[in-house]
Amino acid sequence: MTATLFTSIFPLVAYYAYNLIVPLIERRRPSLSTIMNMQRRRWVTNATRRESPFDAILSGNIMGSVSFLASTSVLLVLAVFAVFGQLPTLMETLDTLSVDSAFSIGDVQIHLMVMLTMFVLAFFAFTLSLRQFNHYCIMLGALEHDRVTSEEEIDAITRMNALGAKNFNSGIRAYYFSVATVAWFISEWLAVATCLATVLVLAHREFFSTAHRTAASAAVIAARHRKKVPHSDTKKEEGPGEF
C-alpha cells in the first residue's frame, strides 16, 4: 500500500517540484520562457508606437488558445467524476490491463483523486492566465499614443503579459504530468518512469531545444539592432552640420 500510494501521488509531487526548481535554474541559465519575456517587452514597446488592430488580434488569438484549454480542463474534471460512478466496470478493465498486481478499490479511488487534483490545478492555472491576459489587453488598450510611454509603464504591462504566460505554462505542465497518472493504471512504476521522462522532455524543451536556440538568436539580433540604431541616428543628425 505504501509503494502504491507513493507511485500514485508521485506525478503530483513532481509537478510541484518542477514548478519550484525551474525558477531557481533560470537564475543561472535563461529558459525559453525567460527569453520570450524579452520578446514580450519588445511587443509592448512597439505597441506604444502604433495605432492598429494588430496587437488586439494577437492578444485575441492567445486568449482563444487559453480559453480552449480551460474548457478542456472542465471536461476532464467531469470525466473523472463520471469514472467514480463506474468503479466496478473500471476495476474489471484494470484486471486485464495491469501488469503488476491487482489494485484495490481504495487504491483506484486515491489515484482518481490525484488525477482530479491535476486537472483542477490545470483549470485554475488556465483561468488565471486568461484573466491576466485580459488585464494585459486592457492595459495595452489604455496606452496613450499622443505621448511617450515611460519605461516603468512598459515594464508593468510586460509583467502582466509574463504572468499570464507563466500560469499558462503551469497549466500545460499539469497536462504533461497527468500522462503519468494514466500510465499508473498499467503499472505503478511505469507512472514513475513516465514522470521522470516527462521532466527530461520539459527540461530539454525549456533549456536545450531548437526553439530555445532560435529565440535566443532572435533576442541577440534584436539587441544588436538596438545598439546600431542610435549610432546611425547620431550620424544622420551630424551629417547636415558638416556642410
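**Exercise 1. Find which residues of helix α1 meet which residues of helix α7, and sort them by type.**

Solution. Work on the predicted model.
- Start with α1. A3, T4, F6, T7, F10, P11, A14, Y18, V22, I25 and E26 make the contact on this side.
- Go to α7. Their partners are E188, W189, A191, V192, C195, L196, V199, L202, A203, E206 and F207.
- Now sort. The contact of α1 with α7 has 17 nonpolar, two polar and three charged residues.

**Exercise 2. Describe how the axes of α1 and α7 cross.**

Solution.
- Locate the helices. α1 covers residues 2-26 and α7 covers residues 188-207.
- Take the distance and angle. The axes come within 9 Å and cross at roughly 15°.
- Classify. Angles under 35 degrees count as roughly parallel, so α1 is roughly parallel to α7.
- Add the hand. The crossing of α1 with α7 is right-handed.

**Exercise 3. Decide whether T158 is buried or exposed, and list its contacts beyond four places in sequence.**

Solution.
- Place the residue. T158 lies in helix α6, residues 151-183.
- Compare with the cut-off. Buried means under 20% relative accessible area. T158 has 9% relative accessibility, so it counts as buried.
- List the partners. Leaving aside neighbours within four places in sequence, T158 touches N37, R40, R41 and V44.

**Exercise 4. Explain why the chain is described as more spread out than a compact globule.**

Solution.
- Count elements. The chain has eight helices and zero strands.
- Compare radii. The radius of gyration is 24 Å, well over the 18 Å that the globule rule gives for 243 residues, so the chain is more spread out than a compact globule.
- Look at the box. The C-alpha atoms fill roughly 90 × 35 × 25 Å along the principal axes.
- Add burial. Of the 243 residues, 38% count as buried.

Terms used
Residues numbered from 1 in each chain as written. Predicted model: local features only at pLDDT ≥ 70, side-chain atom pairs only at ≥ 80, totals over all residues. Heavy atoms only, no water. Axes fitted to C-alpha atoms, helices over the stretch in contact; angles between N-to-C directions. Helix = DSSP H or I, 4+ residues; strand = E, 2+ residues; numbered from the N terminus. Parallel < 35°, antiparallel > 145°, perpendicular 65-115°, else oblique. Left-handed = near helix turned anticlockwise from the far one by under 90°. Contact = heavy atoms within 4.5 Å. Nonpolar A, V, L, I, M, F, W, Y, C, P; charged D, E, K, R; others polar. Buried < 20%, exposed > 50% of the residue type's maximum accessible area, 1.4 Å probe, protein only. Rg over C-alpha atoms; globule rule 2.2 N^0.38 Å.
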